[in-house]
Amino acid sequence: PSGMNVILSALMLPSLMFSAYLGGAMVYKYGVGVMRMGEAARIKEDMSRDEIKRSEGQTQILERKGQ
């Protein structure tokens with residue numbers, strides 16, 4: 001690689017790492033996310049309902065609708 005490529009890479013690497021840190025902090029520290037819609041929202045709701053059943057001692061889940 002030429003000297004210019006190395007210099008540009010060295011300058012961009014810290015900003016790339018900082019943006020990755022900010023993205024991780026936003027998700028894990030502050031809980032920023034996206035709203036699930038459509039089929040994804042239904043699947044998440046079904047999974048949450050299954051978790052509630054498991055926590056109440058009803059561990060047998062025969063089948064999920066649509067699967």
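1. In this predicted model, R42 is partly exposed, its relative accessible area being 29%. Its salt-bridge partner is D46, and the closest N and O atoms of the pair are 2.6 Å apart. D46, by contrast, is buried, with a relative accessible area of 16%, because burial is assigned under 20%.

2. As to where this pair sits, R42 and D46 both belong to helix 2, which covers residues 39-55, and they are four residues apart along that helix, or about one turn. The contact between R42 and D46 deserves a careful look by the reader, given that the structure holds one salt bridge.

3. On the overall fold, the protein consists of two helices and zero strands as far as these elements are concerned, and helix 1 spans residues 3-29. Of the 67 residues of the protein, 4% count as buried, and D46 is one of the buried residues.

4. On the surface as a whole, the protein exposes about 6300 Å², and carbon and sulfur atoms supply 64% of that area. A nonpolar patch of about 540 Å² is found on this surface, made by M4, I7, L8, L11 and M12.

5. Within that patch, L11 may serve as an example, since it is one of the residues that make it and lies in helix 1. L11 counts as exposed, at 59% relative accessibility, which places it over the 50% that the exposed class requires and also over the 30% asked of a residue that joins a patch.

Definitions and conventions. Residues numbered from 1 in each chain as written. Predicted model: local features only at pLDDT ≥ 70, side-chain atom pairs only at ≥ 80, totals over all residues. Heavy atoms only, no water. Buried < 20%, exposed > 50% of the residue type's maximum accessible area, 1.4 Å probe, protein only. Areas by Shrake-Rupley, 256 points an atom, 1.4 Å probe, with all protein chains shown as cover. Salt bridge = Lys/Arg side-chain N within 4 Å of Asp/Glu carboxyl O. Patch = residues over 30% accessible without salt bridge, like charges linked within 9 Å, V, L, I, M, F, W, Y side chains within 5 Å.
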